[in-house]
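Please work through the following exercises with the sequence and the structure open beside you. Try each task before you read its solution.

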Amino acid sequence: MHTASGLRDAHFHDVVTFSKKVFIPLTHLCRDVCHYCTFAKTPKRITSPYMPIDEVLRIARQGAALGCKEALFTLGEKPELRYRAAREALVEMGFETTIDYVRHAAERVLEETGLLPHANPGNMTPDELERLREVSPSMGIMLESLSSRLTEKGMPHYGSPDKVPAVRLQTLEDAGKARIPLTTGILIGIGETPVERIESLLAIRDVHDRYGHIQEVIVQNFRAKPGTKMRASPEPSLHDLLWTIAVARLVFGPAMSIQAPPNLSPGMLPRLIEAGINDWGGVSPLTPDFVNPEAPWPHLEKLREETRAAGKHLKERLTIYPEYVSNYSTWTDASLHTRLLRAIDARGFAREHDWSPGDPESVPPEAELKRVTSPARAVSQGFLDLLDAAAQGQVLDEAGVVRLFAAEGDEFSALCQAANDVRKKVNSETVSFVVNRNINYTNICYFKCQFCAFSKGKLAENLRGRPYDLDVDEIARRVDEAWQRGATEVCMQGGIHPEYTGETYLSILRTVKSATPNMHIHAFSPLEVWQGAATLNMPLDEYLRTLRGNGLGTLPGTAAEVLDDAVRQIICPDKINTSQWLEVMETAHEQGIKSTATVMFGHIEQPIHLARHLLRLRSLQARTGGFTEFVPLPFVHMEAPMYLKGRARKGPTLREAILIHAIARLVLHPYFRNIQASWVKLGHAGLEACLNAGCNDLGGTLMNESISRAAGASHGQETTPQTMIALIEAAGRSAQQRSTRYGEVSEERKRAGLAAGELTELINTPAQKYERRKQGKRELHRNTANTANTEPLEMIASDRV
């Protein structure tokens, strides 16, 4: 058991999973006569051969209302081959086979309730498997035992043709060929020997080695039931069960999910965890275990407490396991992809709460907020060593950073508190902010970033607002108004307008400096800098010097998204790639231009991509020291094109949003002094949590925020200096207004900000008709491998956009 649990911990760490489900017994009729079963009944002992579809949907809707995400369809095997009542009922309902009805019921549940079906109809042909794969992201069939001896006369599987081991193994094989995530397992205590158990486990392992599709192995202990032929048979002892679980873990190694049903071993759950399990299976708050009706499900809070007593954190999953849903294009039917993406977090677990960044209507889960500061009681020494190494400024490898992203429960608390300790050493109790104004000078863009709801191009779909291109007078007016309202900075970015050149950006700088000479200009993403240099056929360093000579102060670190080209190729294939973004920043730093750094997370990326992003930033900062702060930007999904097209998650969970700030504080230490939280996306409750997880800066007051609001964020366009100060002081910190470069701000500027009146109404200069000149994107992407969408694009700005 000690060896087995150690293997388990090497992969699953402190997490034990479960699926919140409803149990739908579609039919109790079965052609088999297993001697231990009370589930199967004859036609005379039931009111209806099949559960009517209205009853199926009623149960599913009740389950969905209780937060269930799985609909487990369990049933007897092919009853129409034995009972005329089954055949007649199928004909009356309009189906030829029981599998036909299973598919119909699963499809109705999926479409009408959103629950994900998990089908357990027994042995199936390759064609039946393929048909169910369209509506069921995972399936199950228990091998039970490889022993043919158990099918002989007097044994529990005698008279049950579907329990012939070779037949069941063939279904396991066919499911692997069909790439179906499959649950299987063994039933112990029905007359098999210990050697036969091991042979059964090895047979499952063999088929999994060929296809990689076994998502979990169940070790289920036999329970004697009244009214069965085995009612007086001895049940396996606890020792026997623990031994078998440990052997299963040794056979399958650290990465296989090993499950034991919690309702069959009440009061012994911590011992099952000691033996090496990492999953409790499906647990229902609504329906009983119809296979073991004498054994009620444990209440979820009780299950959570007993799991915690074993030093583990209970985590909800979907019916399809994380490693399979994370690779959904391989393992599930295309019709299920959108549903799965919207139901998972970055690691493929179930989204347990409805909170989304930028949505003030979604309430932050209180448990996650409290966990940031809760005592961390059960944390492995290995994890503590990892935190200590990062806190000491040691560089973690990629695997180490990914390990941090797996923190749950007490590990999450320990990580947040370690990050906060580093923040105290670096920043003391001061939380800073800058009074600034966002000016997005155009929303016309010929790039096709899949996450962007702000830019307007010829092919923009279902996006808000008309195309605009601010004239110089409106830019100057906004800058002057910002100065009058206490701003020390204007943050300026826009879409990549087809008619913009490097000279356009120089003109914008001159406009700002002419209107307000003392205003700091924080402007132009690396993409805009790259484009500007390319259009003037000017080397990057020369163009950056020219920008600085015309008033540019610092660069925003946007357009980074995720600094991993596997992700960029999907979300922004025609944008500058990772090495080009880093090249712009390194060149800017060499020219004495400091910048921020960002990451946009919560869409399609996984922890490994974020780990690479952070390590690449750390490496550059160690060379140049040019980054002033790191700003995690949660993906706001509501109006983002790739979400509307069903190709992205619903933004990060609150846990993920807090976690990346804490991890950034540790992984980037000691090179980044400042970690910023975005009030536009996190809201005030999220901000306070991040302040307790390593953050020391709240960014800018903004005055106008267009990009997140275009994507659906509704936390407002401005947080006044008074509100910033109140937020910071409510968190027990000292507020400090800063400059863009984290310097001091004059008392005159502070007084102007506190006395600021209402903003005047914005004037977004309507875009004029234009036709893009012959200037393909390939010219703008010097030496880039990203050649997607390189044909010249004719764009006519009009109401049709």
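**Exercise 1. Confidence.** Find the average pLDDT of the protein, and find what the model has for residues 706-716 and 771-801.

*Solution.* The protein averages a pLDDT of 92, where pLDDT is the predictor's confidence in each residue, from 0 to 100, and 93% of the residues score at least 70. This is a predicted model, in which local features need pLDDT of at least 70 and side-chain atom pairs count only at pLDDT 80 or more, while totals for chains, interfaces and linings use all residues. Residues are numbered from 1 along each chain as its sequence is written, and side-chain values use heavy atoms, with hydrogens and water left out. Next, look at residues 706-716, where pLDDT stays under 50 and the model has 42 contacts (heavy atoms within 4.5 Å) beyond four places in sequence. Over residues 771-801 pLDDT also stays under 50, and here the model has 78 contacts beyond four places in sequence.

**Exercise 2. Nonpolar cores.** Determine how many residues the largest nonpolar core has, and which residues Trp581 is in contact with.

*Solution.* Begin with the term: a nonpolar core is a set of buried Ala, Val, Leu, Ile, Met, Phe, Trp, Tyr and Cys residues joined through side-chain atoms within 4.5 Å. Buried means under 20% relative accessible area, exposed means over 50%, and partly exposed lies in between, with a 1.4 Å probe and protein chains only. The largest such core has 125 residues, and those with the most contacts inside it are Leu415, Met492, Phe524, Leu547, Leu555, Trp581 and Phe630. The largest share of this core, ten residues, comes from helix H26 (residues 654-667); helices (H or I, at least four residues) and strands (E, at least two) are DSSP runs, numbered from the N terminus. Apart from this core lies another, of 74 residues, among them Val22, Ala178, Ala260 and Leu272. Finally, leaving aside its neighbours within four places in sequence, Trp581 is in contact with Pro526, Gly557, Thr558, Ala559, Ala560, Leu563, Ile576, Leu617 and Phe627.

**Exercise 3. Strands and pairing.** Work out the order of the strands in the open sheet of three strands, and then describe strand S11.

*Solution.* Strands of a sheet pair through backbone hydrogen bonds, either parallel or antiparallel. Two strands count as paired if DSSP finds at least two bridges between them. The open sheet has the order S17-S10-S18, with parallel pairing. Strand S17 (697-700) and strand S18 (734-737) are the edge strands, each of which pairs on one side only. Strand S10 (residues 430-434) is joined to S17 by two bridges, and the bridge partner of Val434 in S17 is Gly700.

Now turn to strand S11 (residues 436-440), which is mostly covered, since five of its five residues are buried. Asn436, Asn438 and Asn440 point one way from S11, whereas Arg437 and Ile439 point the other way. Five bridges join S11 to strand S12 (residues 489-493), and the two run parallel; in S12, Cys491 is the bridge partner of Asn438.

**Exercise 4. Salt bridges.** Compare three salt bridges, those of Glu196 with Arg149, Glu274 with Arg271, and Arg347 with Glu408.

*Solution.* A salt bridge is a side-chain nitrogen of Lys or Arg within 4 Å of a carboxyl oxygen of Asp or Glu, and the structure holds 51 of them.

1. The side chains of Glu196 and Arg149 meet at 2.6 Å, N to O. Glu196 lies in helix H7 (residues 194-211) and Arg149 in the loop between strand S4 (138-140) and helix H6 (165-177), so the pair ties together parts that are 47 residues apart in sequence. Glu196 is buried, at 13%, whereas Arg149 is partly exposed, at 29% relative accessibility.
2. For Glu274 and Arg271, the closest N and O atoms are 3.5 Å apart. Because the two are three residues apart in helix H9 (residues 269-275), they are separated by about one helical turn. Glu274 is partly exposed, with a relative accessible area of 39%, and Arg271 is partly exposed too, with 33%.
3. Arg347 and Glu408 meet at 2.6 Å, N to O, and this pair links distant parts of the chain, 61 residues apart. Arg347 counts as buried at 19% relative accessibility, and Glu408 counts as buried at 2%. Both belong to a network of salt bridges that links Lys315, Asp345, Arg347, Glu352, Glu408 and Arg655.
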